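Visitor: I would like a close look at a single part of this protein. Please keep to one region and build outward from it.

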Amino acid sequence: MKVLLLKPINDVYYIVQPSLGLGYVASIVLRHGHDVRLLHAGKENLTWERFEREVADWQPDIVGIQMLSSDYLSTMKHLKIVRRVAPGALTLVGGAHISGDPNGVMAAMPELDLGFVGEAEQGLDAFLDLPREAWKDPRALAQIPNLVWRGDGRTVVNVRTRIKDLTEIPFPAWQLMKPADYPVAPHGNFCKKVPVAPIITSRGCPFPCTFCAGHNVTSRQVRLRTPEHVMAEIEMLYNDYGVREIHVEDEVFTLHKEYAADICNRIIASKMDLALSLPNGVRLDSLDEEILRLLERAGFYSMGVGVESGSDRVLGLMRKHMSTGEIRRQVDLIKRVTNIHLTGFFILGYPTETVEEIEQTIQFARSLKLDKANFMFLSPLPGSEVWEQYCHAHSEQIDWGNTFSYRITQGLTDIPPQVMRRLHRRAVRKFYLRPHIILDMLSQIKSREQLVYLMRRVKGIFA
């Protein structure tokens with residue numbers, strides 16, 4: 001069969017890097033002997049006209065789309081195009097949004113045939129074992145874990161399973177997404193070396209943060225790849241694809257310190273000329289002096305940390321289980337024992353948060369020893385506690401096109417949108433318009449391409 005896998009068109013591309021989700025799915029499809037094309041709209045600067053031509057000319061048997069909440073509206077448009085120009089294609093959607101709201105997605109997208117919630121690899125593997133005539137057989141579909149389908153006029157969500165042994169999954173199909181072919185636009189737009197490749201060493205996060213929906217995809221149970229398995233992928237990327245920087249995308253890389261230490265020691269022993277980063281963020285309370293020094297010795301030069309708010313009341317509502325005092329002590333520790341660059345993540349517009357508390361967050365960000373700060377508006381991610389409490393009953397009214405981190409979703413806060421935008425601009429200006437921050441950022445720009453993507457990101461923030 002011919003299988004097209006798609007990272008959808010979006011009007012703002014915050015991160016342009018190989019998609020691990022699509023890469024893992026592609027490896028399963030390839031293992032079944034099918035022909036796979038992978039289209040990353042951000043990398044390809046894909047237009048709607050070109051997408052239509054690609055589908056019409058190739059006539060894929062299956063079109064699979066990875067959908068975030070910010071891709072919701074564009075995914076609907078992609079599906080309509082596929083149904084029109086390749087009516088025989090089976091359409092599939094997976095990813096974070098459908099994992100949090102499978103019923104809503106199936107109801108809103110009549111052109112969608114099937115979906116997958118959570119970790120799709122095992123279910124897709126089983127589905128591809130089916131003969132084509134069984135694709136509409138309810139008895140066959142009911143046996144596929146994590147599958148979402150329509151039966152007797154209703155949406156059916158099969159039993160959700162998680163992959164216990166992550167080493168059973170083949171590596172992402174790196175041959176379809178060679179890191180050197182991607183623009184230099186990873187997290188934060190800054191990197192030390194190129195090419196850059198993302199990896200994960202684990203899946204799952206046990207923490208109950210109310211704004212996060214990651215548990216719908218990877219569950220709350222943390223499962224670790226073996227250090228040998230991780231190193232085999234890193235060495236393959238280094239030797240076969242020339243990768244010189246690795247971004248560890250885990251949610252909880254430092255949660256199990258012995259595990260993180262084992263990987264660090266193996267990287268040190270390998271003598272590979274690697275730079276490493278933790279851009280997705282680590283739990284500040286998972287860090288101590290020993291693991292920090294080892295991370296730096298292994299080549300980690302940058303990490304993100306989830307601060308979220310400068311108000312202890314709001315931190316309590318978010319269930320961060322950390323106070324502003326504890327956050328400050330941990331940031332001070334990192335800067336005292338390492339030279340690791342720190343990016344703090346902050347959320348503005350949490351339900352019941354006041355203007356005064358947002359001002360507290362702005363001042364708190366300035367007072368911390370951070371090198372960069374990302375100030376993001378709260379998004380109602382399906383499956384998060386925020387979505388369940390404030391948006392589930394009104395999900396049909398949510399403007400999913402504005403669920404990107406730098407756009408305001410109506411209804412989450414009583415603060416007027418124009419005031420929120422003013423506060424956001426103030427946060428960015430107050431943090432970045434300081435000489436030492438500006439000079440440090442300018443020193444990290446390695447190419448014209450990086451500068452172009454940085455300016456594009458700034459435009460997206462203030463649009």
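In which strand is Glu308 found? Please start there and take me through the sheet around it.

Guide: This is a predicted model. Glu308 is found in strand S13. Its backbone stands out: Glu308 has a positive phi of about 80 degrees, although it is not a glycine. The side chain's setting is clear too. Glu308 counts as buried, because its relative accessibility is 6% and the cut-off for buried is under 20%.

Now the sheet. It is an open sheet of 6 strands, in the order S8-S11-S12-S13-S14-S15. The pairing is parallel. Strands S8 (196-199) and S15 (372-377) stand at the edges. Each has a single partner strand, so one side of each is left without a neighbour in the sheet. From one strand to the next, the twist averages 20 degrees. As background, strands of a sheet pair through backbone hydrogen bonds, either parallel or antiparallel.

Step from S13 to S12. Strand S12 covers residues 275-282 and strand S13 covers residues 300-308. The two pair in the parallel sense over 4 bridges. One point of register is Leu278, which stands opposite Met303 in S13. S12 is mostly covered, with 7 of its 8 residues buried.

On to S11, residues 245-248. This strand pairs with S12 in the parallel sense, over 3 bridges. Here Glu245 stands opposite Ala275 in S12.

Then comes the edge strand S8. Look at the loop that leads into it. Pro195 has its place in the loop between strand S7 (154-157) and S8. A cis peptide bond joins Val194 and Pro195, with omega about -5 degrees.

Go back across the sheet to its other edge. Strand S14 (residues 341-348) and S15 pair in the parallel sense over 6 bridges. Leu348 has Phe377 in S15 as its bridge partner.

S15 is an edge strand, but look at its burial. 6 of its 6 residues are buried, so S15 is largely enclosed by the rest of the structure. Both faces are covered. One side carries Lys372, Asn374 and Met376. The other carries Ala373, Phe375 and Phe377. The residues on both sides are all buried.

The bridge pair of Leu348 and Phe377 leads to a cavity. Both residues are part of the lining of the largest cavity. Gly349, Leu378, Ile408, Thr409, Leu412, Thr413 and Met420 also line it. Its volume is about 60 Å³. By class, the lining has 6 nonpolar and 3 polar residues, with no charged ones. The model has 5 cavities of 30 Å³ or more.

Met420, in that lining, falls within the span of helix H17, residues 417-432. Farther along H17 is Arg429. Arg429 counts as partly exposed, because its relative accessibility is 44%. Its C-alpha atom is separated from that of Ile362 by 9.9 Å. Along the chain, these two residues are 67 residues apart.

Next along the chain is helix H18, residues 435-444. Here Ile437, Asp440, Met441 and Gln444 are buried. They cover an arc of only 95 degrees around the axis, which puts them on the same side of H18. The general rule is that an α-helix has 3.6 residues a turn, so residues three or four places apart point the same way. The face turned away from the buried side carries Pro435, Leu439 and Leu442, which are exposed.

Two sites away from the sheet are worth a short stop. One is a second residue with an unusual backbone angle. Asn45 has a positive phi of about 50 degrees, although it is not a glycine. It is found in the loop between helix H2 (41-44) and helix H3 (48-58). Asn45 is exposed, with a relative accessible area of 55%, whereas Glu308 counts as buried.

The other site is the second largest pocket, with a volume of about 310 Å³. It is lined by 15 residues. Of these, Leu90, Asp113, Leu114, Trp135 and Lys136 lie nearest its centre. Helix H8 (138-141) and strand S6 (147-151) are the elements that give two or more residues to this lining. The lining divides into 8 nonpolar, 1 polar and 6 charged residues.

Terms used
Residues are numbered from 1 along each chain as its sequence is written. This is a predicted model: local features need pLDDT of at least 70, side-chain atom pairs count only at pLDDT 80 or more; totals for chains, interfaces and linings use all residues. Side-chain values use heavy atoms; hydrogens and water are left out. Buried means under 20% relative accessible area, exposed over 50%, partly exposed in between (1.4 Å probe, protein chains only). The arc is that of the directions from the helix axis to the C-beta atoms. On a 1 Å grid over the protein atoms alone, a cavity is a set of points where a 1.4 Å probe fits but cannot get out, and a pocket is an open set with protein on both sides within 12 Å along at least five of seven lines; lining residues have an atom within 4 Å of a point. Grid points are joined across faces, edges and corners, and a volume is the space filled by probe spheres set on the points. Ala, Val, Leu, Ile, Met, Phe, Trp, Tyr, Cys and Pro count as nonpolar, Asp, Glu, Lys and Arg as charged, and the others, Gly among them, as polar. Two strands pair if DSSP finds at least two bridges between them. Axes are lines fitted to C-alpha atoms, for helices over the stretch in contact, and angles run from 0 to 180 degrees between N-to-C directions.
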